Amino acid sequence: MHGAYHGEYKVPGGKLVVVDLDTEDGVLRNVRVAGDFFLEPDEAILAIDGALEGAPADTDAPGLAARIDAALPPGTQLFGLTTEGVGIAVRRALAHATDWTDYDWQLIHEPPQSPALHMALDEILTAEVAAGRRPPTLRVWEWGAPAVVIGSFQSLRNEVDAEAAERHGIQVVRRISGGGAMFIEPGNTITYSLSVPDALVQGLSFTDSYAYLDDWVLGALGDMGIRAWYQPLNDIATDAGKIAGAAQKRIVAGEGAVLHHVTMAYDIDADKMTEVLRIGREKLSDKGTRSAKKRVDPLRRQTGLPRETVIERMIASFRDRYGLTEGRVTEDELSRARSLAETKFGTPEWTSRVP
């Protein structure tokens, strides 16, 4: 029997944690933790339940994890499970968070579009999800032109060599999410967006939501023979180097929604990238590398698969996990996105809003 609150959390790279509980006078009661994880010794599960019993209902996930850590028998082994993962499952239960499988997911994968239109589509589609007019959506991008996409708060002149960009015919656009610059060439990158209801990430910290929304990608890469992991805050990495970067934007209108988009390097032209991007020494030293070329490792070399096949397998992995139906951008959405591309994302005022 479920308690008044039921929460689930898939530990990134691990197993599912399920929590059922009640509350009484502001504290947790009748807490039961379950899942497909492994735990030794057996009585450790009772220690976890006992540690949570009576905890103040407003305790955050790290605080709940600390209670569990203090209560576990000496030598306890957790496999596919973390104590903070249990804490997050509790927070998601109390927040009435939804799960991936609660939704009918829609796939949008359309012909190449301009960089400015892609920026606009992200904003429009996520706003539609927030308003409840569009189901949660996975959109796979096809690029109509090479581009540099800079983060919402980046300085244009600090990030991009304007002369080099013009010389190579590369358009610079600014997105609505934060984070760093992305170097794009059609056929050499894989980009996707998730436009999801805010309820899906309830109970997760901003940091945890990144790994949570990309856990399916780690599984898809694993199926292609790539052992990948999330490197906080927003990188997907392998033993051979970084292969992807993510960014997010929260939409507060309506019921709320989250835009989460990722660009993956399939076959990067590192020489051209370092000509166009002003990649600072501080950033390179922070990544523990001496050259920009080593920062991004292409998926082509690691998988040996054509770009289209990698995309097909990623989509199939998402569909197998959560279900996915073919969809499209509606005429109204496209019209509004074109207008937004013209009046906002294609204008010097927006692109250079941080000069």
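Start by selecting helices H8 and H12: H8 passes H12 in a right-handed crossing. You're looking at a predicted model, by the way. H8 covers residues 215-223, and the two helices pack at an angle of about 120° with their axes 9 Å apart. Angles from 65 to 115 degrees would count as roughly perpendicular and those over 145 as roughly antiparallel, so H8 and H12 come out as oblique to each other.

Now show side chains at this crossing. Which residues of H8 and H12 make the contact? From H8 you get Asp215, Trp216, Gly219, Ala220 and Asp223, while H12 brings Met314, Ser317, Phe318, Arg321 and Tyr322.

**Into the core**

Keep Trp216 on screen, and add Trp100, Trp105, Leu221 and Met264. These five touch the most other members of the largest nonpolar core, which has 71 residues. Next, centre on Trp100. What is Trp100 in contact with, once neighbours within four places in sequence are left aside? Pick out Trp105, Leu194, Leu200, Tyr212, Leu213, Trp216, Phe318 and Tyr322. Two of those names, Phe318 and Tyr322, also sit on the H12 side of the helix crossing. Then try Met182, Leu259, Leu340 and Trp350, which belong to a second, separate core of 24 residues.

**The eight-stranded sheet**

Switch to cartoon and colour the strands. Eight of them form an open sheet with mixed pairing, and you can walk across it in the order E12-E13-E14-E15-E11-E7-E6-E16. At the edges are E12 (228-231) and E16 (325-326); each has a single partner strand, so one side of each has no neighbour in the sheet.

Helix H7, residues 206-213, packs on this sheet. H7 touches E11, E12, E14 (241-251) and E15 (257-265), and its direction makes about 120° with that of E14. Turn H12 (residues 307-322) back on: this helix lies across E6 (106-109), E7, E11, E15 and E16, running at about 20° to E11.

While E11 is in view, zoom in on its pairing with E7. Residues 137-140 of E7 and 189-197 of E11 run antiparallel, joined by four bridges. For a single pair to click on, take Arg139, which stands opposite Ser193 in E11.

**The three-stranded sheet**

Last stop: select E8, E9 and E10. They make an open sheet in the order E9-E8-E10, again with mixed pairing. E9 and E10 are the edge strands, each pairing on one side only. Ignoring direction, neighbouring strands here are turned by 20° against each other on average. Helix H4 (residues 115-130) packs on the sheet and touches E8 and E9, with its direction at about 15° to that of E9.

Now focus on E8. E8 pairs with E9 (residues 171-174) in the parallel sense over four bridges, and with E10 (residues 182-184) in the antiparallel sense over three. Click Ala147 and you'll find Gln171 of E9 opposite. Val148 is worth a click too: Val172 stands opposite in E9, and Phe183 is the bridge partner in E10.

Side chains in a regular strand alternate between the two faces of the sheet. Are the faces of E8 covered or uncovered? Both are covered: Ala147 and Val149 lie on one side, Val148 and Ile150 on the other, and all of them are buried.

Key:
Residues numbered from 1 in each chain as written. Predicted model: local features only at pLDDT ≥ 70, side-chain atom pairs only at ≥ 80, totals over all residues. Heavy atoms only, no water. Pairing = 2+ DSSP bridges. Contact = heavy atoms within 4.5 Å. Axes fitted to C-alpha atoms, helices over the stretch in contact; angles between N-to-C directions. Core = buried A, V, L, I, M, F, W, Y, C linked by side-chain atoms within 4.5 Å. Buried < 20%, exposed > 50% of the residue type's maximum accessible area, 1.4 Å probe, protein only. Parallel < 35°, antiparallel > 145°, perpendicular 65-115°, else oblique. Left-handed = near helix turned anticlockwise from the far one by under 90°.
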